[in-house]
Amino acid sequence: MKIPKNDNSFDEDNDTGALIEERDRPQKQKPNPILNGIFTFLAYLQFFWIYHRTEVILGMLLIASIALAVTGTIEAYEHRNENTNKHTIRNDYSDIQSALELKLGNVDHWCLDGTDKHCPMCDDPTNGVSRAETKWWGKVFMKNVMSSQNYLNSHDDIDVIFLGDSNTEARVGTLKGLDGSMEENKRKEGTVKRGRLADTLYRSRKKFQKYFDKSSGGRFNGLALGIAGDTSPNLLWRIQNNEMSNLKPKVWWINIGMNDILYSHCSEEITIMGILRVVEELLIRNVNDGSTVVINSILPVATRSSLSLEGPHIRNIYWSAIKLVNERLNKFAKKHKAVKFFDVSDMMTVSRGHNLYMKRDYFIDLVHLSVEGQEELAKAQADFLSNLLQSKPTGQDGLVHDPLQDSEDDNGNGTESYYGEDDWF
């Protein structure tokens, strides 16, 4: 556009032409800050991808992890099976009076994951199952039979027999029938080296004798009959095949069920049925002896080296199942006068903040008791046994009787035997 120098130099025609020319000239576009930012970012990304590829990948992973953590995606993924594993037991077994009431047809699911397909090692809980195909198992079973047969040759009487798995077998100083000192066994057993295991087994036996061998200063005479890895059906088979050689203790103490959940992956309901089947077998065999069956709560089991059991960000499906089983076993014991429940959960665990852990001093790995754990358990069991036997006076027949069992039931009816003659087969 031409600017006039003065009024006389203004030319209307020239000025109009200049305006038209300015209008028709292509206008320069203004830069778009958004597009510029995108292209700049892509340029930088391309540069770093070419020259710093590793740093880019790690950075992207970090950003993605932070984003997922903030949105709760990671927590949701960790707990994706939480609803599957949190099972309830539909059937109430607390009132059963006979093994005939343990019906497999009423079971909701066999496996710990809520299905019937992923636990091929889970046996029928109502029938005894042998592990004789494993050579060492048969040898340990026969060793237990011999120990039972020879027990009264070295002891005047017997107060309690402990029946169970590896933690019970450790009380005689062996694991799978071996004391851990033999040359061919210098391998790892769990997370415990055999050298250390031999010392643990030896000292565990001494701790047991301290409380359950009168000749060693113990308050009671007790016999431990355990086989590592046994489940409830395995223990049932041992009882049915007279492992205890007709010994008649005042108390039968069973500590079984851990392997049903941990190794066989049986559901909580199947595990309960197996334990109660063992209890009923003992009551059937000793219905006239006035003996008591004590169910030891299943010990805690960890899945991590931290020995964590529960907490806001802790997932331990075994402990969840164990707690439910222990709860139902306690309920059963409260309704049966010849059965007691001994809960060791509080003794074996410790709370830190909002989390629950197994006591590290009481365990040598994720499952097995240490020497300290064995002693603490034996001491607590001896105290419980002392109170139990003091409350049950000895009759003229030399047997220990429960005054509640020999007098009246909850309805005020006289009971010669709590279960009756026809209640058991």
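**Entry 1: N167**

I started with N167, which sits in helix 7 (residues 166-169). Keep in mind that I am working from a predicted model. Is N167 buried or exposed? Its relative accessibility is 5%, so N167 counts as buried, the cut-off being under 20%. Next I wanted to know what its side chain reaches, and found the backbone nitrogen of L369 at 3.0 Å. I also pulled the contacts of N167, skipping residues up to four places away in sequence: M258, L299, V367, H368, L369 and Q374. L369 thus turns up both in the contact list and as the owner of that backbone nitrogen.

**Entry 2: the parallel sheet**

I looked up the strand order next. Five strands make an open sheet, 4-1-5-6-8, with parallel pairing. Strand 4 (222-226) and strand 8 (339-342) are at the edges with a single partner strand each, so each has one side without a neighbour in the sheet. On average, neighbouring strands here are turned by 20° against each other, direction ignored.

Then I checked one pair inside the sheet. Strand 1 (residues 160-164) runs parallel to strand 5 (residues 251-255), and the two share 5 bridges. Within that pair, I161 stands opposite W252 of strand 5. Helix 12 packs on this sheet and touches strand 6 and strand 8, its direction making about 145° with that of strand 8.

**Entry 3: N296 and I295**

I went to strand 6 (residues 292-296) for another asparagine, N296. N296 has 1% relative accessibility, so this one counts as buried too. Which side chain does N296 meet in a polar contact? I found Q381, at 3.1 Å. Setting aside neighbours within four places in sequence, I listed W253, I254, N255, F342, V344, L377 and Q381 as contacts of N296.

I295 took me to the nonpolar core. The largest one has 83 residues, and I161, L163, F212 and I295 touch the most other members. A general reminder to myself: in soluble globular proteins, nonpolar side chains tend to be buried together. Leaving out residues up to four places away in sequence, I295 touches I254, I275, V279, L329, F332, V339, K340, F341 and F342. I noticed that L329 and F332 in that list are also among the buried residues of helix 12.

**Entry 4: helix 12**

So much for the sheet side; I turned to the helix. Helix 12 (residues 317-334) has 18 residues and spans 26 Å from its first C-alpha to its last, close to the 26 Å expected at 1.5 Å a residue. At its start, a side-chain oxygen of N316 comes to within 3.1 Å of the backbone nitrogen of Y318. Which residues of helix 12 are buried? I got Y318, W319, A321, I322, L324, V325, N326, L329, F332 and A333. Another general note: an α-helix has 3.6 residues a turn, so residues three or four places apart point the same way.

**Entry 5: the antiparallel sheet**

Last stop was the open sheet of 3 strands, ordered 7-10-9 with antiparallel pairing. Its edges are strand 7 (308-310) and strand 9, each with a single partner strand, so one side of each has no neighbour in the sheet. The twist averages 40° from one strand to the next.

Strand 9 (residues 349-352) and strand 10 (residues 355-358) pair over 4 bridges. Opposite residues I noted include S351 with L356 and T349 with M358. The two strands form a hairpin with 2 residues between them, and G353 in the turn has a positive phi of about 65°.

Definitions and conventions:
Residues are numbered from 1 along each chain as its sequence is written. This is a predicted model: local features need pLDDT of at least 70, side-chain atom pairs count only at pLDDT 80 or more; totals for chains, interfaces and linings use all residues. Side-chain values use heavy atoms; hydrogens and water are left out. The expected span of a helix is 1.5 Å times one less than its number of residues. Buried means under 20% relative accessible area, exposed over 50%, partly exposed in between (1.4 Å probe, protein chains only). A polar contact is a pair of N or O atoms within 3.5 Å; within protein, one must be able to donate a hydrogen and the other to accept it, and residues adjacent in sequence count only if both atoms are side-chain atoms. Contact means heavy atoms within 4.5 Å. Two strands pair if DSSP finds at least two bridges between them. A nonpolar core is a set of buried Ala, Val, Leu, Ile, Met, Phe, Trp, Tyr and Cys residues joined through side-chain atoms within 4.5 Å. Axes are lines fitted to C-alpha atoms, for helices over the stretch in contact, and angles run from 0 to 180 degrees between N-to-C directions.
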